[in-house]
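Below are my notes on this model, set out as numbered points for a colleague who has not seen it before. Please read them beside the sequence and the structure.

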Amino acid sequence: MNFSRAARRVLAACGLIACASPALAWFDEGHETIAAAAYSQLTPDARAAVGRLLRLNPDYAAWTAGAADSERDRIAFVHAATWADDIKRREDFARGSLGGDGAHAVDNIGYADRRMHAYWHYMDLPFSGDGSPTRPAESPNALTQIRAFAATLRSNAPDSVKSYDLVWLEHLVGDAHQPLHATARFSRRLPAGDNGGNQERVCRAFVCGLKLHAFWDGLLGDSNAPRDAIAAAARLPAPDAARAAEADPQVWFEESAGLAREAVYTPAIGDGEGPFDLDAAYQANAKAVARDQAALAAARLAHMLNAALAK
């Protein structure tokens, strides 16, 4: 339901903290959980390769500080899944934009690239429930980059570039399975699109004002400790084997966009900014969808890396 104007003002005050951080796709625990589950499915060859490549990341020492020698590769792999979001908070990386970055929007030069490439994190397949005009997803996007980075890992490119592409792949495969990183809804009240659910606000219990996108980002947890992610990964459901073996990233985005229409917007999210109330049934279903998507993302990431990094 929609809340009254007075209720929105009161409840929004309760949600200010939750609304303050920018949408980052799955929060750190989500990305790390997917990575931890994927690592357990890597072949010995792939584990050796990712361990070697991740040592070239400038944050490797910080990621593995205090870790036992036998656990460094796993811990680094789990941490690396958040690197593409971590750089959004750093002053030594330029935010830029798709138009502003121009030809550099598709750079693949390794860690010398100091652009955040925020537009690499999603591919907004458009839809409208009321016949409003839509616009196609811009490019480059998460799909183009997953394909490009996977191809680089299979190539004879320098390890310094492969290391960069590996950490981006870890992140973007996770992003592909967050439904709101795969779609944008266009409507009469939001004719320019809702930016993957960032234009709608939602209420749950006594917290109101949270972005719909951020609600979905947080469904897998908000810890940034690798040990928590490793434990959460062990509790994920087993994915359907046939779906887990699907290797075409285009299909992943189409599946996620379908889930957005079926499980994110229907039936709770009406037209406009809201806020819209998320009842217990919606939240329980969202949690189940997120866990299923995380399990799929992990299996597909492992399949991709096993194939790309085989001797």
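**Notes on the model**

1. The hairpin. Strands β3 and β4 make a hairpin, and two residues lie between them. In the turn, A205 has a positive phi of about 50 degrees. The two strands, β3 at residues 201-204 and β4 at residues 207-211, run antiparallel and are joined by four bridges. One pairing to look up in the viewer is R204, which stands opposite V207 of β4.

2. Confidence. This is a predicted model, and the protein chain has an average pLDDT of 93. A score of at least 70 is reached by 92% of the residues. The stretch to treat separately is residues 1-22, where the pLDDT is below 50. Beyond near neighbours in sequence, residues 1-22 have 25 contacts in the model.

3. The sheet around the hairpin. The strands β4, β3 and β5 form, in that order, an open sheet of three strands with mixed pairing. Because β4 and β5 stand at the edges with a single partner strand each, one side of each has no neighbour in the sheet. The strand β5 covers residues 276-277 and runs parallel to β3, with two bridges between them. On this side of β3, C203 has D277 as its bridge partner, and V202 stands opposite F276. As background, strands in a sheet pair through backbone hydrogen bonds, in either a parallel or an antiparallel way.

4. Salt bridges. The structure contains 17 salt bridges. One of them joins the side chains of R55 and D73, at 3.1 Å from N to O. This pair links distant parts of the chain, since R55 sits in the loop between α4 (44-54) and α5 (60-64) while D73 belongs to helix α6 (residues 72-80). The two are 18 residues apart. R55 has a relative accessible area of 45%, so this residue counts as partly exposed.

5. A second and a third pair. The side chains of E71 and R74 form a salt bridge at 3.5 Å, N to O. R74 is partly exposed, at a relative accessible area of 21%; the cut-off for buried is under 20%. Another salt bridge is made by the side chains of R185 and E200, at 3.2 Å, N to O. R185 lies in strand β2 (residues 183-186), and E200 lies in the loop between β2 and β3, 15 residues apart from R185. Both R185 and E200 are buried.

6. A network. Which residues are linked in a network of salt bridges? They are D59, R90, D92 and R114.

7. Two residues of helix α10. H171 is located in helix α10, which covers residues 159-176. Is H171 buried or exposed? H171 is buried, since its relative accessible area is 0%. The side chain of H171 has a polar contact with the side chain of D85, at 3.5 Å. S160 is also found in helix α10, but S160 is partly exposed, with a relative accessibility of 39%. Leaving aside residues up to four places away in sequence, S160 touches L56, G110 and Y111. The C-alpha atoms of S160 and N57 are 8.3 Å apart, although 103 residues separate the two along the chain.

8. Helix α14. This helix has 16 residues, 249-264, and at 1.5 Å a residue should span 22 Å. The distance between the end C-alpha atoms of α14 is 21 Å, so the two values agree. At the start of the helix, a side-chain oxygen of D248 comes to within 3.0 Å of the backbone nitrogen of Q250.

9. The buried part of α14. Which residues of α14 are buried? They are P249, W252, F253, S256, A257, G258, L259, A260, A263 and V264. The cover over these buried residues includes the strands β1 (125-128) and β2, and the helices α9 (142-153), α10, α11 (212-217) and α15 (280-308). Helix α10, which holds H171, is thus one of the elements covering α14.

Conventions:
Residues numbered from 1 in each chain as written. Predicted model: local features only at pLDDT ≥ 70, side-chain atom pairs only at ≥ 80, totals over all residues. Heavy atoms only, no water. pLDDT = per-residue confidence, 0-100. Contact = heavy atoms within 4.5 Å. Pairing = 2+ DSSP bridges. Salt bridge = Lys/Arg side-chain N within 4 Å of Asp/Glu carboxyl O. Buried < 20%, exposed > 50% of the residue type's maximum accessible area, 1.4 Å probe, protein only. Polar contact = N/O pair within 3.5 Å; in protein donor to acceptor, adjacent residues only side chain to side chain. Expected span 1.5 Å × (residues − 1).
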